[in-house]
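Colleague: Please take a close look at one part of this model, the pocket, and set it in the context of the two chains. Cover the cysteines as well.

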Number of protein chains: 2
Amino acid sequence: MVADVPLPTPADASEAAPGAAAAPAFSPLYRQIKDLITRELQGGVWKPGEAIPSELDLAARFKVSQGTVRKAVDELAADNLLVRRQGKGTFVATHAEQQIQYRFLRLMPDDGGDRAMARRLLDCRRTRAPADVARMLECKSGDAVVQLRRLLLAEAQPVVLDEIWLPGGPFKGLTAERLADYKGPMYGMFEAEFGVRMIRAEERIRAVVADAASAELLAVPPGAPLLSVERQSFTYGDKPVELRRGLYNTTRHFYRNELN
Amino acid sequence: MVADVPLPTPADASEAAPGAAAAPAFSPLYRQIKDLITRELQGGVWKPGEAIPSELDLAARFKVSQGTVRKAVDELAADNLLVRRQGKGTFVATHAEQQIQYRFLRLMPDDGGDRAMARRLLDCRRTRAPADVARMLECKSGDAVVQLRRLLLAEAQPVVLDEIWLPGGPFKGLTAERLADYKGPMYGMFEAEFGVRMIRAEERIRAVVADAASAELLAVPPGAPLLSVERQSFTYGDKPVELRRGLYNTTRHFYRNELN
DNA sequence: AAGTGGTCTAGACCACCTG
DNA sequence: AGGTGGTCTAGACCACTTA
């Protein structure tokens, strides 16, 4: 249980983001443990939904005290990478859970009713990344990508029109059929079928007017105001793996945000 | 340092929100300590920006170990009620700080330039709460309220038109002069001059079209799409103390949101 | 040098879940 | 009963700030 090294050793700081503040150069033990666990998660050692070893197991494995493991796991749970369940264990977070279903969809119905929405896939094709898409996916212009468009409907009325871009490599084999057949949330499919887990996203929200094509799909008059939600999603290591451009009809819904 | 009571005692659950889930009935020691500290913050025992007693002081005062105080303070820091500074102490969070300046304004310029915006007060008057405002402020329709409107300008161009409603009681003495004279963020003034500290807010975002009056003030054509941001702000005890309706011109700015 | 928060340890016991 | 996470304690030492 006692570490041979009495002091925290230098952390692996080789992946420090360019443009960020000066590298910390040193990090406490619990943060090194956190990085080690993150790396195992990234490597798929434990699959989404599975339990990871108990704190005592991990403490023995890393030759640190349980308290140190605990602090590392606490932070990973705060980051939504792990889920703790008292008496049962600690589990790899998954998008396939009911509770976490709406972590990434902030749209709420005005009347506080059912949030469930039906999906309708419009098209799904493999193509080459335009310059702007390539920039957001951090790949090269012209690289293989999957482009898909879909509608989300609440009570049979279209509310969201999404255009989604995915890198071709990780999503090799993604077809309209597989998408249409899959039950459950799309991010759940991505992690289960392609091993790509979305852990964080940034959204840029604007008000725009509907063009003719979007208006027809969303069943609103051309020129109607729509919420434009551009989302860049990241997986482990802050690597962007999705670009999503959504148009939301906010007549009977609103985008809910919490400021802390 | 040893508590006479070997087990966590029942927490004060008298303020459980109606409609919430079943009351927890018991809470760990560190959460009781957290509630005690919160109550002192709420009571203004320590002013925003001031240091609170050291962890060892608090531990002695509450007759618990430092670790227990530490966990309580950790949570309060995570909630942005306190700010820890290594080697210096723990301080009451304040809106008057440069770092925290933009915690509640999520608007970013497209070009990544300066976020600083100029304020222009349009009007400030005392009136009676309309029904919808009263509901959001959890007061009675017709109660005294302060209504004010203002513009935020980026590089001399109007970008945000805010209509703000405040309860008349806590904000007695708020005048256009005092608002115009005050340097620094408005929430900083609220906490310094009126003892009202905003700690949390919920926003409902929609796309709308500009009416004639708003269009003129924001220098956009009538019918232009605008972001409607309705904010309900809360102080200690989840008590709503502000209703704010903003119209954002998102031509050169966007609302930035992070999904975790 | 003294005081603060930050890290780490070791051990005890509790609350919860499962067999 | 045994395993898991959750709480609490006591003490050591480190890193940072100030005087």
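Modeller: This is a predicted model. Start with the two chains. A turn of 180° with a shift of 0.0 Å along the axis lays chain A on chain B, at an RMSD of 0.0 Å. The two copies are therefore related as by a two-fold rotation axis. Both use the same surface: 100% of the contact residues of chain A recur in chain B.

Now the pocket. The largest one has a volume of about 1,800 Å³. Its lining counts 46 residues. Nearest its centre lie A:Asp74, A:Glu75, A:Ala77, A:Ala78 and B:Ala78. Both chains supply elements to this lining. From chain A, β1 (51-52), α3 (66-78), β2 (82-85), β3 (89-92) and β11 (253-259) each give at least two residues. From chain B, α1 (29-42), α3 (66-78) and β10 (253-259) do so too. The top contributor is α3(A), with 7 residues. By residue class, the lining of the largest pocket splits into 23 charged, 12 polar and 11 nonpolar.

Last, the cysteines. The structure holds 0 disulfides over all chains. Take A:Cys139: its closest cysteine sulfur is in A:Cys124, 17 Å away, so the pair is too far apart for a bond. A:Cys139 counts as partly exposed, because its relative accessibility is 25%. In chain B, B:Cys139 is in no disulfide, and the nearest cysteine sulfur, that of B:Cys124, is 17 Å away. B:Cys139 has a relative accessible area of 26%, so it is partly exposed.

Conventions
Residues numbered from 1 in each chain as written. Chains lettered and ligands numbered in written order. Predicted model: local features only at pLDDT ≥ 70, side-chain atom pairs only at ≥ 80, totals over all residues. Heavy atoms only, no water. 1 Å grid on protein atoms, 1.4 Å probe; cavity = no way out; pocket = protein on both sides within 12 Å on 5 of 7 lines; lining within 4 Å. Points joined across faces, edges and corners; volume = space filled by probe spheres on them. Helix = DSSP H or I, 4+ residues; strand = E, 2+ residues; numbered from the N terminus. Nonpolar A, V, L, I, M, F, W, Y, C, P; charged D, E, K, R; others polar. Least-squares fit on C-alpha atoms with pLDDT ≥ 70 in both. Contact = heavy atoms within 4.5 Å. Disulfide = S-S within 2.5 Å. Buried < 20%, exposed > 50% of the residue type's maximum accessible area, 1.4 Å probe, protein only.
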